[in-house]
Amino acid sequence: MANLPVMGDVGGVTEELAGGGRTNGEAKAPAVRHEDAPRPVANVLSRFKPGPRSIWAGVPDALWNDWHWQQRERVIRLEQLERVLRVTPEEREAAVKTEAEFHMGITPYYAALMDPEDPTCPIRLQSVPTMGELNILASDLEDPLAEERDMPVPGITHRYPDRVLFYTTHNCPVYCRHCTRKRKVSDPTSAAAKRQIEESLAYIAQHTEIRDVVISGGDPLSLSDDRLDHILGRLRAIPHVEIFRLGTRNLVTLPQRVTDDFVYMLRRHHPVYVNTHFNHPKECTAEAFEAARRLADAGCVIGNQMVLLKGVNDDPAVVKELNHKLLLMRIRPYYIYQCDLARGISHFRTPVEAGIRIIEALRGHTSGLAVPQFVVDAPNGGGKIPVNPEYVVSHEGKRWVLRNFAGKQFEYVEP
Ligand code: SF4
């Protein structure tokens, strides 16, 4: 597999974006010593085990815990993958045949969580290419959520009245095989250039109805602290912007990214919400716990957006265990998404009833805090529609007709 071509990559940080100074010329704040912070009680911590190190067992802690090292050492080629696990013939063929469509990229931390012998391991299914990705259905869509159609300027999707999605980078530490934005994520030619970021900020400044900005990508934590500080500072300077949300999977795939300096920087921009994307309890390690602890201790409100994936988490017991662990990590289960219609992910799609069954198994049976909302992010720009009776217009066989907040109807067809 060819080396992942990342332009001017500085440990996964696009050089162009890694620049950009601090907003106010302040000297860099001294690091907060997290060793001094109050520790969670022992019976909570004991439920979270450190992730294994696999072939990286001899790597010194200082390197293992350095997010730049984790980015540099990503598994991006088949021969690297062969050293980490027993690759099946099917995975080998898929790694070659999917290369042009969507790159492979797995941090050592996340790769070490994979079961080296079991191709049905939930971590492996999310990060190692499989032949299912080559099965393109007639109902698959290049841009399943019509995010490009609702772009007034490149880099901003403005669909809902008072909030926008702001794309800041197309890099991610791990390229999830179920990614809804595979059309551009991992493709350096589609990366957000500095000019695009400026135009996006100008659009937000001009539109006084925008009070909530979802900072997304790719993964915005692929940017340097200074670059993020700059973007957040610029957003905070816009009087009508009330809150922003960082959409990041780094807590799951690269928890080392959540450093003391990073959370210290975030504290300057509150209120900061963080939405992350845990899909399986195996992802809830001591490292992930520590990343969530730092964010929560710094005052961030953290929510989880799980995607319902066949063979990974389409089981009420798995979701219940996941949500209980998330609550211990001070992460509120927020959404369960029905897997969308992105190209080449139909092997992950479940019937909509699978999500309904999960919610039924949770509601009343466990804390309401552990019960997220199950939504279909409707094709063709319908937005997130709760799978509740008042929003289901009709359901016949595999065909669901749903009504969104604006009263418009959208169809979702199961595979
Ligand atoms: S972290 Fe998010 S944007 Fe990046 S590959 Fe995974 S699902 Fe896609």
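What follows is a chat between a student and a tutor about a predicted model of one protein.

Student: What am I looking at, and how many helices and strands does the protein have?

Tutor: This is a predicted model. The protein has 15 helices and 14 strands.

Student: How much of it counts as buried?

Tutor: Of its 415 residues, 57% count as buried.

Student: And what share of the contacts is between residues far along the chain, say 24 or more positions apart?

Tutor: Take the contacts in the protein with a separation of 6 or more: residues 24 or more positions apart account for 77% of them.

Student: Now the ligand. Which residues surround it?

Tutor: The ligand has Cys-172, Val-174, Tyr-175, Cys-176, Cys-179, Val-185, Gly-218 and Arg-249 around it. By type, that shell divides into 6 nonpolar residues, 1 polar and 1 charged.

Student: What kind of space does the ligand take up?

Tutor: The space it takes is the largest pocket.

Student: Which residues does the UniProt "binding site" annotation cover?

Tutor: The annotation, from an unreviewed entry, covers Cys-172, Cys-176 and Cys-179. Of these residues, Cys-172, Cys-176 and Cys-179 are included in the lining of the largest pocket.

Student: Where in the chain is Cys-172?

Tutor: Cys-172 is in the loop that runs between strand 4 (163-167) and helix 9 (194-206). Cys-179 is also found in the loop between strand 4 and helix 9.

Student: Is Cys-172 buried or exposed?

Tutor: Cys-172 counts as buried, because its relative accessibility is 12% and the cut-off for buried is under 20%. Cys-179 counts as buried too, at 15% relative accessibility.

Student: What do those two touch, leaving aside neighbours within four places in sequence?

Tutor: On that basis, Cys-172 is in contact with Arg-74, Val-185, Gly-218, Asp-219 and Ser-222. For Cys-179, the contacts are Phe-102, Val-185 and Ala-342. Val-185 therefore appears for Cys-172 and for Cys-179, where contact means heavy atoms within 4.5 Å. Val-185 is also one of the residues around the ligand.

Student: Back to Gly-218. What sort of peptide bond joins it to Gly-217?

Tutor: A cis one, with omega at about 20°. Most peptide bonds are trans. Gly-218 itself is in the loop between strand 5 (212-216) and helix 10 (225-236), and it is among the residues that surround the ligand.

Student: Which other bond is cis, the one that runs to Pro-271?

Tutor: The peptide bond from His-270 to Pro-271, where omega is near 5°. Pro-271 sits in the loop between helix 12 (260-266) and strand 7 (272-276).

Student: New topic. Which residue does the "modified residue" annotation cover?

Tutor: Lys-384, which an unreviewed UniProt entry annotates as "modified residue: N6-(pyridoxal phosphate)lysine". Lys-384 is in strand 11 (residues 383-386).

Student: Why is Lys-384 called partly exposed?

Tutor: Because its relative accessible area is 29%, and partly exposed covers the range between 20% and 50%.

Student: What does Lys-384 touch?

Tutor: Not counting residues up to four places away in sequence, Lys-384 touches Tyr-160, Tyr-335, Tyr-337, Val-375, Val-376 and Asp-377.

Student: Strand 14 next. Where does Phe-410 fit?

Tutor: Phe-410 is in strand 14 (residues 409-413). It is buried, with a relative accessible area of 14%.

Student: How many angstroms separate the C-alpha atoms of Phe-410 and Ile-385?

Tutor: They are separated by 9.5 Å, and the residues are 25 apart along the chain. Phe-410 touches Ile-385, and the residues it touches also include Asn-380, Trp-400 and Leu-402, with those up to four places away in sequence not counted.

Student: What is the phi of Asn-380?

Tutor: It is near 60°, a positive value in a residue other than glycine. Most residues other than glycine have a negative phi. Asn-380 is in the loop between strand 10 (373-378) and strand 11, and it counts as partly exposed at 46% relative accessibility.

Student: And the phi of Ser-54?

Tutor: Phi of Ser-54 is near 50°, also a positive value in a residue other than glycine. Ser-54 is found in the loop between helix 2 (42-45) and helix 3 (61-64). Its relative accessible area is 34%, so Ser-54 is partly exposed.

How values were computed. Residues are numbered from 1 along each chain as its sequence is written. This is a predicted model: local features need pLDDT of at least 70, side-chain atom pairs count only at pLDDT 80 or more; totals for chains, interfaces and linings use all residues. Side-chain values use heavy atoms; hydrogens and water are left out. A residue is near a molecule or strand if one of its heavy atoms lies within 4 Å of it. On a 1 Å grid over the protein atoms alone, a cavity is a set of points where a 1.4 Å probe fits but cannot get out, and a pocket is an open set with protein on both sides within 12 Å along at least five of seven lines; lining residues have an atom within 4 Å of a point. A molecule sits in a cavity or pocket if more than half of its atoms lie within 2 Å of its grid points. Ala, Val, Leu, Ile, Met, Phe, Trp, Tyr, Cys and Pro count as nonpolar, Asp, Glu, Lys and Arg as charged, and the others, Gly among them, as polar. UniProt positions are given in the numbering used here, feature names are shortened, and annotations may be inferred rather than shown by experiment. Helices (H or I, at least four residues) and strands (E, at least two) are DSSP runs, numbered from the N terminus. Buried means under 20% relative accessible area, exposed over 50%, partly exposed in between (1.4 Å probe, protein chains only).
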